[in-house]
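Please open the model in a viewer and keep the selection tool at hand. The tour below proceeds stop by stop, with a selection to make at each.

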Amino acid sequence: MTHAAPPDAGAQPILARVDERLDALRRAKAAIHEVVVGQGEVVDQVLVALLAGGHVLVEGAPGMGKTLLVRTVADVFGLKMGRVQFTPDLMPADITGTLVLAPDERGVNRLEFMPGPIFAQLLLADEVNRATPKTQSALLEAMQEGTVTVAGEGRPLPRPFFVLATQNPIEQEGTYLLPEAQLDRFFFKVDVPFPDADVLGRILAQTTGLDAAQARACLTPAELLDAQRTVRALPVSPDVVEAISRLIVSTQPSRPESGAEVRRYVRFGVSPRGAQTLVLAAKAQAMLSGRAHVSLTDVRAVLLPALRHRFQLNFEGVASGVDKDALLARLLDAQAG
C-alpha cells in the first residue's frame, strides 16, 4: 500500500494497526456491495459511523434498500440485529422491554425482566418519525449512554451498540418531527438518493431472479470494537483541530466570527457534539483510506453527513431556499483556506 508521506517513528505503531485492519474492512465493504447494489457513498458513510461508534439517521423514499443495507451490515460484521417498526401506537416498553410475571422453578410467580428489541448490537429503528415523541425519547438514553432504565434499574446494552434509524421524507401525515436534542445524538444523517438508470437495471437483474445474493461474514463484533479503538487512537494535527473549531464557531449566528450569510439565515449553529463528531468521523475516514493521520480532505469527506442535521435555518433562510449543504461547504473552505 502506498502512503502519501513516510510516517515518523511515533506514528509507526498506529500505521501498523491501521494496515492490519484495513484488509478486513475492505473485504467487508466488498461483501456489502455484493448485496447492496450502488449507493457507494451511503455505504461509505455508514461504515465511517460504524467505525466511529456512532448512530445513523437514514432518510430516503420507500423501497430504496435501507432495510436491506442494515441487514447486510449486521451479517457482514456478525452483529446481532434487532428491529422496531415505529408506529403511532408504539409504547416505550415495546422498545426497551418490561417486567412480567413468570413462574420460577418452584412454580412461584415472580417479576422477571423481558428485554425488548433494543437489546441488540445493531438496532433498525424503521420509520422512527412515525412514533410519538414519548416513544422516540426511549431511544435517547440508549443512544447516548448505552443503557436503558426499566423500573428504576439501569441495564447495559450489548457492545458494540449501533442504531440505524430510517425516516421517510415524502409522507409527513401522521409523523412527528424528531426534536433537535434527538437529532443531535445521531452521529450522521445520510440521504439516500434515487439510483440512476444503470444502477437501477443492476438492481432489477440481481433481485428479480431465483438466486438472491447472500452477505458473508467478514469481521466479528470483537474485531469491530478493536477497529473502533484504533480509530480513536489516530492523531489529528493542531491545524486540523483549529480549522474544525473555527468552522463550528462560524456557524453560530450570535458570534462576531460568523459571516453575514450565517447571521442572516441561520437560526442556531452546530453544537460542540457536532465538532466531536467531525473529528471522529474524519479519523474513521482516514483509516478507511489507509492512513494513520487525519487531513482536511477527510474532514471534507464527512462534513455534510456529520453536520447537516445539527443546525437550522431561520424563516428567511428557508423561504430564500438556502442550501445548507452548500453553506457548510463554503464555511469550511473559508476556515481551511
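Begin by selecting Leu 99, Leu 101 and Leu 111, shown as a surface: in this predicted model, these three residues form a nonpolar patch with about 300 Å² of accessible area together. Within the patch, centre the view on Leu 101, which lies in strand β3, residues 97-103. Is Leu 101 buried or exposed? Its relative accessible area is 62%, and Leu 101 therefore counts as exposed, the threshold being over 50%.

Next, switch to a cartoon representation and select the strands of the open sheet. Five strands build this sheet, in the order β2-β5-β8-β1-β9, with parallel pairing. At its edges are β2 (81-85) and β9 (188-191), each of which pairs on one side only. From one strand to the next, the twist averages 20 degrees.

Stay at the β9 edge and add β1, residues 56-59, to the selection. Strands β1 and β9 are joined in the parallel sense over 4 bridges. To locate one of the positions involved, pick Leu 57, whose bridge partner in β9 is Lys 189.

For the last stop, select helix α10, residues 238-250, and move to Ser 250, which is found in this helix. Ser 250 has a relative accessible area of 2% and is therefore classed as buried, the limit being under 20%. Which residues is Ser 250 in contact with, leaving aside its neighbours within four places in sequence? Display Ser 258, Val 262, Leu 331 and Gln 335 as sticks: these are the contacts of Ser 250 beyond that sequence window.

Note on methods:
Residues numbered from 1 in each chain as written. Predicted model: local features only at pLDDT ≥ 70, side-chain atom pairs only at ≥ 80, totals over all residues. Heavy atoms only, no water. Patch = residues over 30% accessible without salt bridge, like charges linked within 9 Å, V, L, I, M, F, W, Y side chains within 5 Å. Areas by Shrake-Rupley, 256 points an atom, 1.4 Å probe, with all protein chains shown as cover. Salt bridge = Lys/Arg side-chain N within 4 Å of Asp/Glu carboxyl O. Helix = DSSP H or I, 4+ residues; strand = E, 2+ residues; numbered from the N terminus. Buried < 20%, exposed > 50% of the residue type's maximum accessible area, 1.4 Å probe, protein only. Pairing = 2+ DSSP bridges. Axes fitted to C-alpha atoms, helices over the stretch in contact; angles between N-to-C directions. Contact = heavy atoms within 4.5 Å.
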